Amino acid sequence: MPIRQRIVSYGIPTAAAATILAAASLTPWAGQRGKAVSVEPAASQPIDVVFAVDTTGSMAEEIDAAKRTIFAIANTIRGTQKHADLRIGLVAYRDSDADSQYITRPFALTRDLDAVYAELASYTAGGGDDFPELVSVALLDAMNMEWRSNARKLVFLVGDATAAVRPEVPAWETVAQQARKRGLIINTVRSETERVQDRIAAEQTFQEIARITGGDYSSIAKDGGVQQIATPYDQQLAELSDTVDRTTVITGTDGARAVWGKKMEAASAAPAPSKADRAGYYGDTARDEGDLVGGIAAGHASADSVDPASLPADLRDKTKGELKAELDRRVATRRQAQQEIEKLTKQREAYLSKHGKGDGFDAKVKATVEKQLKR
């Protein structure tokens, strides 16, 4: 639902509406949020997952935990469902106080996890003068995502505050009941808070939301509880993943290449364990739908069929022979890197299965995913 429509339907005061609209115009990915990688796997199991994350000032460490573990969680989903056709969406949420740049910031369900990661990387903690937050609006945005009718539909609500009661927004109980009728399972992950009364209020709300929708409730430490285990394979996997990224040739417009560049900026700034998770997630698949090298490697594109005008500037003036030689070189480089990634990923998985126990955000989400996808 567009931001302006949300403001009208929720009756948010005019000053707050202006603030939200101004912030939306400055938001990264504006106008192309959640652009999907369109190739759908054969004989797949559609799985749609939305993370609704409280981004107020008290949630900095939990936001960082989500950033660092999103690819690890995606790998768990694929490990649980071998043929998972996974899409992930996001809803950042706050409250309607003057310090909040937005009330909600939805990001559409997409197969493009690099776009999801870049959106997460743009999250900062801020606003939230009082304790309750607009949980019901976040859940409403999650519910109104373009869910596939045949998909497993999971929501993870992550926050430390109870739901704010506002006359201009629907009650969280009502939204939870509507979500259940639409086949959504809402799992709640509550972060600890210092004041006992705040903790009890948040705990009761999050438990009830999970109960209404048949989801799971869990709690995590204030720092997110993530124990991202460093392995002997992380750095090499990160370097191999960078090698694959450097072979990419994005066809289309300069705008499409700019979007790719923004995603790569976010990916390159990730810690080595997160880069290793990303390398394992993509494996031997293309990382963007506009990647010519990935198309050639998969056998559904060729140097002869590409329009030179759609190529990056450094490749446009090459002869067909020169272009083919360059693309063949990149395909060979990528395949070698991907073979190494496959081997090292297996070794890393074995290491993590032995050393990677934890009780933080990622562990809670992974355990819930494994249980619910096996039902």
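Biologist: Which residues of H7 are buried?
Modeller: In this predicted model, the buried ones (under 20% relative accessible area, 1.4 Å probe, protein chains only) are Asp-198, Ala-202, Thr-205, Phe-206, Ile-209, Ala-210, Ile-212 and Thr-213. Helices here are DSSP runs of H or I, at least four residues, and strands are E runs of at least two, numbered from the N terminus.

Biologist: Where do they sit, seen down the axis of H7?
Modeller: They fall within an arc of 165 degrees, so they line one face of the helix. That arc is taken from the directions from the helix axis to the C-beta atoms.

Biologist: And what's exposed on the face turned away?
Modeller: Gln-204 and Arg-211; exposed means over 50% relative accessible area.

Biologist: What do the buried residues of H7 pack against?
Modeller: Strands S2 (84–93), S4 (152–159), S5 (185–191) and S6 (217–220), plus helices H5 (135–143) and H6 (172–181). Contact means heavy atoms within 4.5 Å.

Biologist: How far apart are the end C-alpha atoms of H7?
Modeller: They are 26 Å apart, which agrees with the span expected for the 18 residues 196–213 at 1.5 Å a residue. The expected span is 1.5 Å times one less than the number of residues.

Biologist: What comes just after H7?
Modeller: Gly-214, with a positive phi of about 75 degrees.

Biologist: Switching topic: how many helices and strands in the chain?
Modeller: 14 helices and six strands. Of the 375 residues, 52% count as buried.

Biologist: Any ground rules?
Modeller: Residues are numbered from 1 along each chain as its sequence is written, and side-chain values use heavy atoms, without hydrogens and water. Local features need pLDDT of at least 70 and side-chain atom pairs 80 or more, while totals for chains, interfaces and linings use all residues.
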